[in-house]
Structures are given as C-alpha cells and as structure tokens.
Amino acid sequence: MMAALIFIFSVAALMQFFVSYCRSLIAASSRKALSADVQDVIGIRRSANGDDFERVMQYLHLCPDRREDRNGVKAIGAYFRLLGAVGAILGKLVPSLRVWTELERSQCAYFAAVALDRRIAHNRDMFAEQMSG
Amino acid sequence: MVGPFGYTIWLLGALLEAAVVVCSLVRGPLRRYFTLNLYMAMSVLVSVGRYLEFSRHGLTSSEYVYFYYYSDAILTICLYFALMGLYAIVFEELGVTMRLRVFMMLLLIGTTLFSYSVVHQSESRMLTRYIIEISQNLYFVGLILTYVLWAALLKLRESRVRVIQIVLSLGMYFSINAANYALRNAYPDLRFVWAFLPPAAGMFLPIAWIYAFMKFDDEARLAPGRLAAVPR
C-alpha cells in the first residue's frame with residue numbers, strides 16, 4: 001500500500017518536474033530573435049506554430065549538431081510528443097487544455113528554430129575558422 | 001552478467017559525474033555549489049568502489065549486493081546535503097538557512113528510524129530488505145523536500161536559470177528513483193524495469209547539471225511565471 005502510494009506520487013511529481021524543466025529550457029530561448037536567414041528558410045518570424053516543429057526538426061537533423069544543444073533538443077522532442085498525446089487524448093474533454101498544449105507546442109517549435117539558428121551560426125564560424133586557417 | 005552495453009553505461013555515468021566537477025571548476029561555481037560537486041565526486045568514488053567489488057566478487061555476490069545498496073544509501077544522504085546547499089542558495093537572503101539544515105537533518109534521522117521500525121516489525125527482517133526500504137523512503141523524502149523547494153522557488157519568484165534547472169533535474173532524479181524503489185518493493189519480479197531505470201536516471205542528472213553549469217552563468221535569468229505547469 002505504502003509502496004503504491006509512493007509510486008503514484010513519484011510518477012505525478014516526475015511529470016510535473018519534467019514539464020517545468022522543459023518550460024525552463026523553452027523560456028531560456030524564447031527571448032532570442034531568429035536571424036533573417038533562418039526566418040527565410042523555415043518561414044517563422046516571431047512566433048511559431050506547433051505544426052512547424054517536425055519540419056524544423058528535419059532541418060536540425062540535416063545540420064551538424066552541437067554537443068551543448070543535443071540533450072535540450074531531445075528533451076523538448078519528448079515534451080512535444082507528450083503534449084501531442086495529452087492534447088489528443090484529453091483535449092476533446094477539456095478544450096482549455098487543448099489550447100494550452102497548442103501554445104506549448106508552438107513554443108517547442110520556436111525552441112527548435114532557435115537551436116537551428118545556433119547550429120547554423122556555429123557551423124558558419126567553424127567553416128570561417130577552417131578557411132582562415 | 002554485465003554486457004558491453006552495461007560496461008559502457010557504467011563508464012559513461014562515472015565520466016559524466018566527473019565532468020560535472022570539472023565543468024564546475026572551469027566555469028567557477030565550485031564553491032557556491034560545493035555540496036552538489038561533493039555529491040558528484042562521491043558518486044565517482046562509489047562507481048570505482050562498485051567496479052572493484054564487482055570485479056573481485058561478481059555481480060550476484062552478497063559482497064557486491066551489500067556494497068551496492070549501502071553505497072546507494074550513503075549517496076542519497078550526500079544528495080540530501082546537496083539539497084541543503086540548494087536550500088541555502090535559495091533562502092540565503094531570508095537568513096533561515098541554519099533552521100532549515102537542522103530540520104532536514106532531523107527529517108533524515110526520522111526517515112532512517114521509520115524505515116528501521118517498518119522492517120523490524122516485518123517477519124523477514126532481512127538486511128537487504130531494510131536497505132531497499134530505507135532507499136525508497138530516503139528518495140521519497142528527498143522528492144518531497146525538492147517539491148517544497150520548487151514551490152518556494154515559484155513563490156519567491158526565483159529567476160536564476162541555473163538554480164531552477166538544477167532543482168528541477170534533481171526533482172526528476174528523486175522522482176524516478178523513488179518510483180523505481182517503490183515498484184521494486186511492490187513487484188520484485190519486474191527486474192527488467194527496475195534494473196534499467198537507476199542507470200538511466202544516473203546518466204540524466206550529471207548531463208542536466210553539466211548543461212546548467214556550461215550553458216548559463218549565475219546571473220542568467222528568466223521570467224518565473226513561465227515555469228509553472230499551469231499558466232498564471
């Protein structure tokens with residue numbers, strides 16, 4: 001009985017910590033403006049749409065990755081899928097939840113766009129270094 | 001039997017734990033986050049000790065099993081000290097750090113005594129059962145304390161990204177381990193689940209802390225209102 005209670009509470013707390021952790025990752029990148037190049041390539045200006053996420057992720061996978069970004073991108077990918085599942089299952093019952101998950105999904109897409117921007121800038125710097133060396 | 005995958009996870013875990021201390025040294029916050037680094041340094045030592053016990057006596061030997069669970073309980077206590085360090089950072093301006101430390105030490109002693117009394121009343125009275133019981137309870141109390149700290153962060157509108165990410169990753173680590181030990185206590189046959197989760201959680205914590213130390217400095221801030229799971 002005690003073990004079952006601990007298990008249920010721990011899983012519920014884990015979900016809450018995970019959501020907040022992902023939100024902290026997203027919040028840290030939400031103030032960053034996208035460069036004009038990335039805006040043109042992915043068609044996102046100041047705000048993104050949840051449906052953009054997969055497309056931006058495809059661009060991200062094409063770009064050589066940065067070690068610092070890898071885990072954050074994975075965590076946000078998992079968060080995006082979780083939001084999709086919650087929105088699809090509970091969204092019909094609680095419309096406000098669906099609105100919230102859509103908002104969160106759009107912020108995940110913006111996070112991915114900022115990560116893409118950083119990767120492109122990093123690769124440009126590397127290329128410039130190689131050319132000058 | 002530990003396969004190549006198991007060895008890789010083991011080695012990677014120890015390297016990541018050592019990397020946290022190195023990153024902390026490089027980026028400067030070693031003194032400020034001393035208890036966190038102490039825990040990571042202890043984890044590296046425990047990993048080495050476990051490997052030595054494993055290579056001498058084997059995975060299924062009672063020597064290795066006892067060493068594993070005792071060292072796990074000691075590491076959890078070290079994690080309590082890390083948590084105390086985080087409480088001290090969050091509440092440093094309120095001047096209540098000493099009271100919090102006393103309270104947490106009392107809680108730690110209380111949890112140990114409670115776990116002992118639960119096992120003492122049971123029929124089996126096995127030492128391994130006591131260790132599993134105490135680990136489950138220590139992780140759970142750690143989870144509650146991290147949850148309280150998280151609530152305090154939201155209430156105090158804490159905005160330092162590094163502190164926020166360290167606390168949240170610690171919360172996830174405690175949650176995974178508390179759930180894992182509870183599952184193990186309730187369903188000892190589900191070995192494929194509870195044998196896999198601790199190494200995964202053990203890898204996640206140093207990765208998250210390395211990320212927090214390397215990516216953000218102590219002054220990096222974000223809007224605290226964006227963090228609550230329910231929008232405010």
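Angles over 145 degrees between helix axes count as roughly antiparallel. Keep that cut-off handy for the exercises below; the model they use is a predicted one.

**Exercise 1. Work out how helix 2 and helix 3 of chain B are oriented to each other, and break their contact down by residue class.**

Step 1. Start with the geometry: these two helices of chain B pack at an angle of about 175°, and their axes are 9 Å apart.

Step 2. Hold the angle against the cut-off. Helix 2 and helix 3 of chain B are therefore roughly antiparallel.

Step 3. Now sort the contact residues. Between helix 2 and helix 3 of chain B there are 15 nonpolar, 6 polar and 4 charged ones.

**Exercise 2. Do the same for helix 3 and helix 4 of chain A, and find which residues make the contact.**

Step 1. Helix 3 of chain A covers residues 52-62 and helix 4 of chain A covers residues 67-90; they pack at about 155° with axes 12 Å apart.

Step 2. That angle also goes through the cut-off, so helix 3 and helix 4 of chain A are roughly antiparallel to each other. Their crossing is left-handed.

Step 3. On the helix 3 side of chain A, the contact uses Phe53(A), Glu54(A), Met57(A) and Leu60(A). Helix 4 of chain A brings Val73(A), Ile76(A), Gly77(A) and Phe80(A).

Step 4. By class, that gives 6 nonpolar residues, 1 polar and 1 charged.

**Exercise 3. Classify two of the aromatic pairs: Tyr39(B) with Trp209(B), and Tyr66(B) with Tyr70(B).**

Step 1. For scale, searching the whole structure turns up 21 aromatic pairs over all chains.

Step 2. Tyr39(B) and Trp209(B) have ring centres 6.4 Å apart and planes at 70°; since planes over 60 degrees apart count as edge-to-face, this pair is edge-to-face.

Step 3. Place that pair in the chain. Tyr39(B) sits in helix 2 (residues 34-57) of chain B and Trp209(B) in helix 8 (residues 197-215) of chain B, so to speak 170 residues apart, and the pair links distant parts of the chain. Both Tyr39(B) and Trp209(B) are buried.

Step 4. For Tyr66(B) and Tyr70(B), the centres are 6.4 Å apart and the planes at 20°, so this one is stacked. The two tyrosines lie in helix 3 (residues 62-90) of chain B, 4 residues apart, or about one turn of the helix.

Step 5. Check accessibility: Tyr66(B), at 33%, counts as partly exposed, and so does Tyr70(B), at 37%.

Notes: Residues are numbered from 1 along each chain as its sequence is written. Chains are lettered from A and ligands numbered from 1 in the order in which they are written. This is a predicted model: local features need pLDDT of at least 70, side-chain atom pairs count only at pLDDT 80 or more; totals for chains, interfaces and linings use all residues. Side-chain values use heavy atoms; hydrogens and water are left out. Axes are lines fitted to C-alpha atoms, for helices over the stretch in contact, and angles run from 0 to 180 degrees between N-to-C directions. Angles under 35 degrees count as roughly parallel, over 145 as roughly antiparallel, 65 to 115 as roughly perpendicular and the rest as oblique. A crossing is left-handed if the near helix is turned anticlockwise from the far one by less than a right angle, and right-handed if clockwise. Contact means heavy atoms within 4.5 Å. Ala, Val, Leu, Ile, Met, Phe, Trp, Tyr, Cys and Pro count as nonpolar, Asp, Glu, Lys and Arg as charged, and the others, Gly among them, as polar. Rings of Phe, Tyr and Trp (its six-membered ring) pair if their centres lie within 6.5 Å; planes under 30 degrees apart count as stacked, over 60 as edge-to-face and the rest as tilted. Buried means under 20% relative accessible area, exposed over 50%, partly exposed in between (1.4 Å probe, protein chains only).
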